Amino acid sequence: MSTVTQTTDQHPFIGEALAQPGPLAGQGLPGWWAALRTESLGRLAGLDVPTSRQEEWRFIKPKAIFSTDFTSPDAVSFELGDEALADLQLQEETAATLVYVNGRFDAARSTVGELPDGVVVADWSQMLDHDEVDRLAEYVGANDYFNGDVFYEINSAQYGQGAVILVPRGQVIERPIHLLFVTTGQEGAVHANPRNLIVAGESAQLTVVEEYRGHGEGSYLNNVVDEVVVGANADVKHFKVQREATDAFHVARNLITLSQDARYISTAVTLGAALSRNDSYARYVGQNIDCTLDGLALVRGKQVADTHTAIDHALPNSRSYQLHKTIVDDRAHTVFNGKIFVRQDAQNTRSEQLNQNLILSARGHVDTKPQLEILADDVVCSHGATVGQLEGDQLFYLMSRGIDEERARNLLTFAFAAEVIETITVESLRNSLAEAVLASTDVTGL
C-alpha cells in the first residue's frame, strides 16, 4: 500500500487519520480492499475538515468534533458485563447478534444461529479467510455518492470492523439480525469507524436492527458507513437506533442501492449524542421500486441532530415515501435537509415527503429544508414541512376531560412520536423505544 505523507497544513483530525494504519492492515487484505484504502487515503490527503461556512454544514457547528483529542479503541479498556449486555439485546430470538464494544468486534458475545445455505453474517475480520471475500469487491465503494466527504474517506481508509451480511437469491431470514455497538468515553475519547455491508440477493428477505448505545458518560465518536444493496424483488427492513451518550458524536453515511422491483423500508430513530449527523442517499437502478425513509429525532438540553437525505429517482415507475419528525426541547437543535431528485427518464414517479417538527421550549431551534427537483413531466410528487407547538385545541380537549395540563402536553408529545415508532416491526425494539420516549416526556401509567 502506498504511503500518504502528512503536510503541515492538514488539520490534525485528518493528519492523524492518514498516519494511522487501519485495523487488519497487517493481516493480508485482499487486493481490492487494499486498493480502495489507498484511493481513499489519496482523496483524504487533499481534503480539509468541514465548517459551517459550507452549504452542507451551514446549520450546525462541527468544530466540536474536530477539537476533540480522539484515541484508538485499542488504547481504552472497557469491559461490558453480562448483565449490561442482556439489557441491550432484543427480546426476540435473532438469526444473529453481532456485538461491538468500543468499535471492536466481540466474538465471545456474538451469536450466529443456523442460517440457510449461502447466508453469511460475519465481522469484516472473519471475512479475510472467507470464500466470499472477493465477491465483496462488487459492492464496497460501488455507490460513490459520498466520495470526497471527510468522514466517508476516513471510514473507507480505516474500517476493519462492522457487519457483513450476504443473503443470496431467494433466501428468507425470518428472524431479525441485530447489530449492537456499545461505546464508552469514560476512559478516553474513542474514535471508531464501523462499516456495515448488507446485500440482499434477488427475491431475498431480511430485517436488520442496527443499534448504537452509549455506556456511561464521556465523549467519543462513532463514524459509521452503511452500504445496503437490495437486489431485484428483494425486501429489506432496516431499523437504525442511535442512543449514544449525551457527550458523544455520531456521524453516519448510509448508501442504498435499489434494483428492479425492490422494496426497502428504513426507520432511523435519534435519541442520543451531543452532535449527530445522519446522511442517507438512495439510488434507483431499476423500475417499480418502493423506498421508505422514515425518521424520528427527539433531543433536549443542547443536543444537535442533523439529518440529510437524498432519494434519486433515475428510472420510471417507482415510488418513495418519507416521514421525518423531530421533537425539540430546552436549547436543542434539529436540522432536516431532504432532497428528492426525479430525473428526466423517471416518468410515472410517485414521491411523498413530509417533515414535521414540534418545539416544546422557547429556545428550541429547528431548521428544515425540503427540496424537490423534477425534470420529468408525468409525476405525482409532494413535499412539505411544518414547525409548531402543541395544538391548543387538543390540549383543551384533554384538559376538559380532567387531565392536568402537564400530563396533557406529555400525552400529545408521545402521540406525535408514536406515529414513527409504530412503523418498527420488531416488537421488543418498538416497545423499548416507546418506553424511552415515554420517559423523556414523563408520561406514566399508559
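In which sense do strand β10 and β12 pair, and over how many bridges? To find out, select residues 221-230, which form β10, together with residues 249-258, which form β12, and keep in mind throughout that this is a predicted model. The two strands pair in the parallel sense, and ten bridges link them; to see one facing pair, highlight N223, which stands opposite V251 in β12.

Keep β12 selected and add residues 275-284, which make up strand β14. β12 and β14 also run parallel, and ten bridges join them; as an example to display, H250 has S276 in β14 as its bridge partner.

Now show the side chains of β12 itself. From this strand, F249, V251, R253, L255 and T257 point one way, while H250, A252, N254, I256 and L258 point the other way, and the residues on both sides are all buried. Because ten of the ten residues of β12 are buried, the strand is largely enclosed by the rest of the structure.

The next stop is helix α6, which you can bring up by selecting residues 150-158. This helix is mostly covered, with nine of its nine residues buried, and among them are V150, F151, Y152 and E153. Add D149 to the view and look at the start of α6, where a side-chain oxygen of D149 reaches to within 3.1 Å of the backbone nitrogen of F151.

Then move along α6 to Q158, a residue that lies in this helix. Is Q158 buried or exposed? Its relative accessibility is 8%, and Q158 therefore counts as buried, since the cut-off for a buried residue is under 20%. Display Q20 as well, and you will find that the side chain of Q158 reaches the backbone oxygen of Q20 at 3.1 Å, while a polar contact of 3.5 Å joins the side chains of Q158 and N193. If neighbours within four places in sequence are left aside, the residues in contact with Q158 also include E16, A17, G22, P23 and R37.

For the last stop, select residues 319-328, which form strand β17, and pick out I327 within that strand. With a relative accessibility of 2%, I327 counts as buried. Which residues surround I327 as contacts, once its neighbours within four places in sequence are left aside? They are A297, L298, V299, L358, L360, T413, F416 and A417. Finally, show the C-alpha atoms of I327 and A297, which are 30 residues apart along the chain and are separated by 6.3 Å.

Notes: Residues numbered from 1 in each chain as written. Predicted model: local features only at pLDDT ≥ 70, side-chain atom pairs only at ≥ 80, totals over all residues. Heavy atoms only, no water. Buried < 20%, exposed > 50% of the residue type's maximum accessible area, 1.4 Å probe, protein only. Helix = DSSP H or I, 4+ residues; strand = E, 2+ residues; numbered from the N terminus. Pairing = 2+ DSSP bridges. Polar contact = N/O pair within 3.5 Å; in protein donor to acceptor, adjacent residues only side chain to side chain. Contact = heavy atoms within 4.5 Å.
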